[in-house]
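Please walk through this structure with me, from its inner spaces to its surface.

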Amino acid sequence: HILARHLAVDFGSLAICGFIAVKNRHTVCGELITHMKSWGKSDSMSDEETERRVFTYHPASQQMMVWFFAYQVKNMYDTIYWNDGIEFVIHHIFAGAAAWGGMFPGCCHFYALFYFGFSELSTAILCLLANFDDQFGVVGLEKVFPKTKIVLGALFVTSFIVCRCIMWPFVTHHFFKDTKKALASTHPLAASRRNFLHLLRFCCFGLSLIQFFFVAMIIQTGKEELAKLMS
């Protein structure tokens, strides 16, 4: 059951979301990637394109959010059943609500590839690493494959720093900037989506706060694992 959950459900679902994001990165959010590569110095994220970024429908983003929402529903059930902790329940509520708000009535597809795809690549690696945890994984697996755990741990920390500590604040800055302007827009789609824009902003704020909690968990776990290696 443990391997089925972490490998088939968790890793498999997030890997699919990541694949969709990577495959469609240039057609959906190419200018965001260009802006990040230039460290914010390019003019690809101009204010004149705000409405297009917020209100344009992208089939790839919709497809990914359908998959991601279904995964969050299953993950919520597993989290409660396996008693993972209230922090994960809160995370799944925010993430699922954000995916739903992006699908129906549909907005911010431009940003969906990052939040539900690229940023979840670090989580996909964490799902593999979770198998080595004595509490949530397979007891004794760490002793059989000690080097594998170290490699996965290093990959997770690196990907978390890149996706969640560097890219997340950058993308979130532009997300809040665009949605703030969209709330005051006269675009034909603005009126029917204002409530959902508020929902997405609230979910993004909540998920951003949860990042700090996860960082603290990673630091604490890292200290414990380092102490094991040194002993």
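How many cavities of 30 Å³ or more does the structure hold? There are two. Keep in mind that this is a predicted model. Rolling a probe the size of a water molecule over the atoms shows where empty space is left.

Start with the largest cavity. Its space comes to about 150 Å³. The lining counts 15 residues, and those closest to the centre are A98, Y115, F116, F175 and L200. Four elements each give two or more residues to this lining: α5 (86-106), α6 (109-116), α9 (146-183) and α10 (194-230). What classes of residue make up the lining of the largest cavity? Nonpolar residues number 14. One residue is polar, and no charged residue takes part.

Now turn to the second largest cavity. Its volume is about 60 Å³. The residues that line it are F68, H91, A95, Y115, F116, E120, R164, W168, L207 and Q211. Look again at Y115 and F116: they line this second largest cavity, and they are also among the residues closest to the centre of the largest one. The helices return as well. At least two residues of the second lining come from each of α5, α6, α9 and α10. By class, this lining holds six nonpolar residues, two polar ones and two charged ones.

Next comes the largest pocket. About 1400 Å³ of space lies in it. Which residues come closest to its centre? They are L126, L129, A130, D133 and F156, out of 46 that line the pocket. The elements that supply two or more lining residues are α1 (2-23), α4 (59-81), α5, α7 (121-129), α9 and α10. Of these, α10 gives the most, with ten residues. The classes in this lining are 21 nonpolar, 13 polar and twelve charged residues.

Finally, move to the surface. W39, V157, I161, V162 and I166 make a nonpolar patch of about 500 Å². Where does W39 sit along the chain? It lies in the loop between α2 (25-37) and α3 (50-55). Is W39 buried or exposed? The relative accessible area of W39 is 72%, so this residue counts as exposed, the cut-off being over 50%. The patch thus brings the loop residue W39 together with V157, I161, V162 and I166.

Terms used
Residues are numbered from 1 along each chain as its sequence is written. This is a predicted model: local features need pLDDT of at least 70, side-chain atom pairs count only at pLDDT 80 or more; totals for chains, interfaces and linings use all residues. Side-chain values use heavy atoms; hydrogens and water are left out. Patches are made of residues with over 30% relative accessible area and no salt bridge: like charges are joined within 9 Å, nonpolar side chains (Val, Leu, Ile, Met, Phe, Trp, Tyr) within 5 Å. Accessible areas come from the Shrake-Rupley method with a 1.4 Å probe; for residues, only the protein chains shown count as cover. A salt bridge is a side-chain nitrogen of Lys or Arg within 4 Å of a carboxyl oxygen of Asp or Glu. Buried means under 20% relative accessible area, exposed over 50%, partly exposed in between (1.4 Å probe, protein chains only). On a 1 Å grid over the protein atoms alone, a cavity is a set of points where a 1.4 Å probe fits but cannot get out, and a pocket is an open set with protein on both sides within 12 Å along at least five of seven lines; lining residues have an atom within 4 Å of a point. Grid points are joined across faces, edges and corners, and a volume is the space filled by probe spheres set on the points. Ala, Val, Leu, Ile, Met, Phe, Trp, Tyr, Cys and Pro count as nonpolar, Asp, Glu, Lys and Arg as charged, and the others, Gly among them, as polar.
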